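Open the model in a viewer and keep the sequence panel visible. The stops below say what to select and what is found there.

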Amino acid sequence: MKRLYSLSLMIIFLSLCSFSQMIDNEDLVISHGPYLQNLDESGVTIIWTTSKPAVPGVSLTCPDGKTRFIRNSHDGIIDGGGLLHKVRVEGLEAGTTYQYSINSVQILKYQAYRIYYGDTINQKPVSFTTLNPKAEKINFTVINDVHEYSGKLASYIRNGNPSAQDFFIFNGDMVNYVQSPDQLFTGFIDTAVAYFAGNRAFFYARGNHEARGCAGREFKNYFDFRDNRFYYSFDHGPVRFVFLDCGEDKPDDNRYYYGLADYDSYRLEQLEWLKKEVKSDAFRKAEYRIVIVHMPILNESSREHGMKFLSDNFEPVLKTAKINLMLSGHTHRNSFHAKGEAGQAYPVLVNSHNSFVEVYVDKEKIRTVVRDVNGEQIAEYEFR
Ligand SMILES: [Fe+2]
């Protein structure tokens, strides 16, 4: 009798386990995000992940109260079926605030002639504001060399003023390497989402560490870069922003790259793009030109191949381009190189791995404030 009782208890326990597992397996949750990418004056890309395969959509509310529902498609097929979702929203007005909420419809079974849908999740609406090339004043925060210390990133953001920023710039080496895409989330994306990334975009300049590890090849999938390149430009307020991709720091034949590095030819390809960029109307007519690049481009001898390559090849193009400011990291030291001081024709502000930079721009000047992890001011520079 006692044995029968124990057996019954065991069956009930196993049934409960398998039932809860079944429920858990069927639960659809937003696992990461949403975060804004590739924001410009007329569009934005919203990225998030779900725990189960889903069809993503975005419900957008315009300032006049009109709503529209957006799903993207490629080659005639609505995007969906995976865990990583990207929805591009176009046709927006510059400098305008919109509300959006993400919509995820679970796919339980995807067959050739029958698709079974499960749960639907609608997240509560949040707002974002498009870039505005006509804005008279702008401000943004630059963070670099976080190297997966997400707690430090949280301190930077908390001790800055996230709700007052137009956007954030992550200027490279946010992770040590990318062996699994999860590192991107735990390393910095989840923290960015917790503080601002659902309603303020971050723009990314790749550092040398992001390229390391087997999942570094999937890096672009988790973001949205303008023209799908790590080097790009855009306008906001009186500034033309030019983002450059510094590449790796060591020579391509360094033994740690195991024959898989081809950065010199990639950098030369980027250089051709830069030559066209500095001749463009948008670049030449801008009030200010700010270059964002992880490794500083100084016209001085350097121990590292990557920095020397940039100095030898990119500095000659930049020196006649009337650059107002270059913002960099990589050295893990705070330093400021006034125009001409290190042989280069533009000021370079290098931010350390223990500080962040607030940048304020108006018609009069560019003002930069370097702050430590507690938000205490370390230095201030103005460029008129
Ligand atoms: Fe670096």
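The tour goes from the whole chain to its domains, then to a strand, the core and a helix.

**The whole chain**

Start with everything shown, and keep in mind that this is a predicted model. The protein chain has 384 residues, of which 38% are buried. Colour by secondary structure to see seven helices and 21 strands. Along the principal axes, the C-alpha atoms fill a box of roughly 90 × 55 × 45 Å. Counting contacts between residues at least 6 apart in sequence, 70% join residues at least 24 apart.

**Two domains**

Select 30–129 and colour it, then give 138–383 another colour; the domain assignment calls these domain 1 and domain 2. Their centres, taken over C-alpha atoms, are separated by 28 Å. Where they touch, domain 1 contributes 17 residues and domain 2 contributes 17 residues.

Now look at the domain 1 side of this contact. Strands β1 (30–37), β2, β6 (82–89) and β9 (126–129) each supply at least two residues to it. Select β1 next, since this is the strand with the largest share, six residues. Coloured by class, the side of domain 1 that touches domain 2 shows nine nonpolar, six polar and two charged residues.

**Strand β14 and its partners**

Select residues 239–243, which form strand β14. Is this strand enclosed or open? All five of its five residues are buried, so β14 is largely enclosed by the rest of the structure. Show the side chains and turn the strand to view each face. Val-239, Phe-241 and Phe-243 lie on one side, Arg-240 and Val-242 on the other, and all of them are buried.

Add residues 232–236, strand β13, which runs antiparallel to β14 and is joined to it by five bridges. To follow one of these pairings, select Phe-234 and its bridge partner in β14, Phe-241. Two residues lie between the strands of this hairpin, and Gly-237 takes a positive phi near 60° there.

Then add residues 288–292, strand β15, which runs parallel to β14 and is also joined to it by five bridges. Here the pair to select is Arg-240 with Arg-289, its bridge partner in β15.

**From Phe-243 into the core**

Stay on Phe-243 and show what surrounds it. Leaving aside neighbours within four places in sequence, Phe-243 is in contact with Phe-203, Ala-205, Tyr-231, Tyr-232, Ser-233 and Ile-292. Phe-243 also belongs to the largest nonpolar core, which has 81 residues. Select the core members with the most contacts inside it: Ile-46, Phe-202, Phe-243, Val-291, Ile-292, Val-293 and Met-326. The largest share of this core, six residues, comes from strand β2 (residues 44–61). Keep the domain colours on, as the core draws at least three residues from each of domain 1 and domain 2. In soluble globular proteins, nonpolar side chains tend to be buried together.

**Helix α2**

For the last stop, select residues 150–159, helix α2, and look along its axis. Which residues of α2 are buried? They are Leu-153, Tyr-156 and Ile-157. These residues cover an arc of only 90° around the axis, which puts them on the same side of α2. Add β10 (138–143), α3 (182–195) and β19 (355–361) to the selection: the buried residues of α2 pack against these elements.

Terms used:
Residues numbered from 1 in each chain as written. Predicted model: local features only at pLDDT ≥ 70, side-chain atom pairs only at ≥ 80, totals over all residues. Core = buried A, V, L, I, M, F, W, Y, C linked by C-beta atoms within 7 Å. Buried ≥ 20, exposed ≤ 12 C-beta atoms within 10 Å, placed from the backbone. Helix = DSSP H or I, 4+ residues; strand = E, 2+ residues; numbered from the N terminus. Domains from an automatic or database assignment. Contact = placed C-beta atoms within 7 Å. Nonpolar A, V, L, I, M, F, W, Y, C, P; charged D, E, K, R; others polar. Pairing = 2+ DSSP bridges. Arc of directions from axis to C-beta.
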